[in-house]
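Reader: I am new to this structure and would be grateful for a close look at a single part of it. Please set that part within the chain as a whole, and explain each term as it arises.

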Amino acid sequence: MLIQVPDVLSQDEVVQFRNKLDNTDWVDGKVTAGYQSARVKDNLQLPESNPVAIELGQKVLQALERSPLFIAAALPAKIFPPLFNRYEGGQSFGSHVDNSIRRVQATGEYVRTDLSVTLFLSSPEEYEGGELMVEDTYGMHSVKLPAGHLVLYPSTSLHHVRPVTSGSRVCSFFWLQSMIRSDAHRSLLLNLDVSIQRLGGDVPDHPSLVELTGVYHNLLRLWAEV
Ligand code: NI
């Protein structure tokens, strides 16, 4: 399932991020690409060890913790330290599937990539093109979100970024290992969670709320790997 999470960063935070990102050194994005994706990847990126990437990556992680929708949708077990990329002057990233396992440089820890995340740091008016195109069983989805919003999609999906023909597209991107490995199971849990929240808002004393919450947690217990 492809899920959009709005307002992960405030507009003030986006401005602070962009000031720092516009004043640091970018390198060829092939540094984190696997063999197959290096052939189709054409963008700029901050190295994992870049101090600005580390500082802003931690701020992204703190922002994610404040987002109930992100937590409910991703049920994260391990999050790869967020990275940053930039596309301009016709740059693009051709069709590929993300590497299945990522090793965190600083800790040596391995993260299985269940979900891929793109957090937009440029507003759509700042650039032409640059849509993230994600394929699933229902076809191709085009994603271009306001600055501060993010999209989550299964890392099993074929995806590409269309050429940025003017302006500059700056994003944070990362992967995560979910407590729930199966996308189908995770989608069911999110649907149940959202329904329980809505019922709790509309009919706070409904007796089924306790039972449904029990079902949610018992499914989580059944399926979770932690
Ligand atoms: Ni990718």
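Author: The following account begins with the whole chain, turns to one strand in detail, and then considers other places in the chain.

This is a predicted model, in which local features need pLDDT of at least 70 and side-chain atom pairs count only at pLDDT 80 or more, while totals for chains, interfaces and linings use all residues. Residues are numbered from 1 along each chain as its sequence is written, and side-chain values use heavy atoms, leaving out hydrogens and water.

Six helices and 16 strands make up the secondary structure of the chain (DSSP runs of at least four residues for helices, H or I, and at least two for strands, E, numbered from the N terminus). The C-alpha trace of the chain spans about 60 × 35 × 35 Å along its principal axes. Of the 226 residues, 47% count as buried (under 20% relative accessible area; exposed is over 50%, and partly exposed lies in between, with a 1.4 Å probe and protein chains only). Among contacts in the chain (heavy atoms within 4.5 Å) with a separation of 6 or more, 77% join residues 24 or more positions apart.

The part chosen for close attention is strand 14, which comprises residues 150–154. Five of its five residues are buried, so strand 14 is largely enclosed by the rest of the structure. Both faces of this strand are covered: Leu150, Leu152 and Pro154 are buried on one side, and Val151 and Tyr153 are buried on the other.

Strand 14 also has neighbours with which it pairs (DSSP must find at least two bridges between two strands). Strand 1, residues 3–5, runs antiparallel to strand 14 and is joined to it by three bridges. Strand 10, residues 115–120, is likewise antiparallel to strand 14, with five bridges between them. Leu152 takes part in both pairings: it is the bridge partner of Ile3 and also of Val117.

Elsewhere in the chain, an open sheet of five strands has the order 3-7-15-12-13, with antiparallel pairing. Its edges are strand 3 (41–42) and strand 13 (139–143), each with a single partner strand, so one side of each is left without a neighbour in the sheet. Strand 3 is paired antiparallel with strand 7, residues 92–96, over two bridges, and in strand 7 Phe93 is the bridge partner of Lys41.

His96, in the last position of the range 92–96 given for strand 7, belongs to the nickel site. There, His96 (NE2), Asp98 (OD) and His159 (NE2) coordinate the nickel ion at 2.1 Å (donors are N, O and S atoms within 2.8 Å of the metal, or 3.2 Å for Na, K and Ca; water is not among the atoms, so sites may look incomplete). Along the chain, these donors follow the spacing H-x1-D-x60-H. His96 and Asp98 are both buried.

A further buried position is Ser178, in strand 16 (residues 164–178); its relative accessibility is 1%, and therefore it counts as buried. The side chain of Ser178 reaches the backbone nitrogen of Ile180 at 3.0 Å. With the side chain of Arg186, the side chain of Ser178 makes a polar contact at 3.2 Å (N or O atoms within 3.5 Å; within protein, one able to donate a hydrogen and the other to accept it, and residues adjacent in sequence counting only if both atoms are side-chain atoms). Leaving aside residues up to four places away in sequence, Ser178 touches Ala74, Leu75, Pro76, Ala77, Arg112, Asp114 and Arg186.
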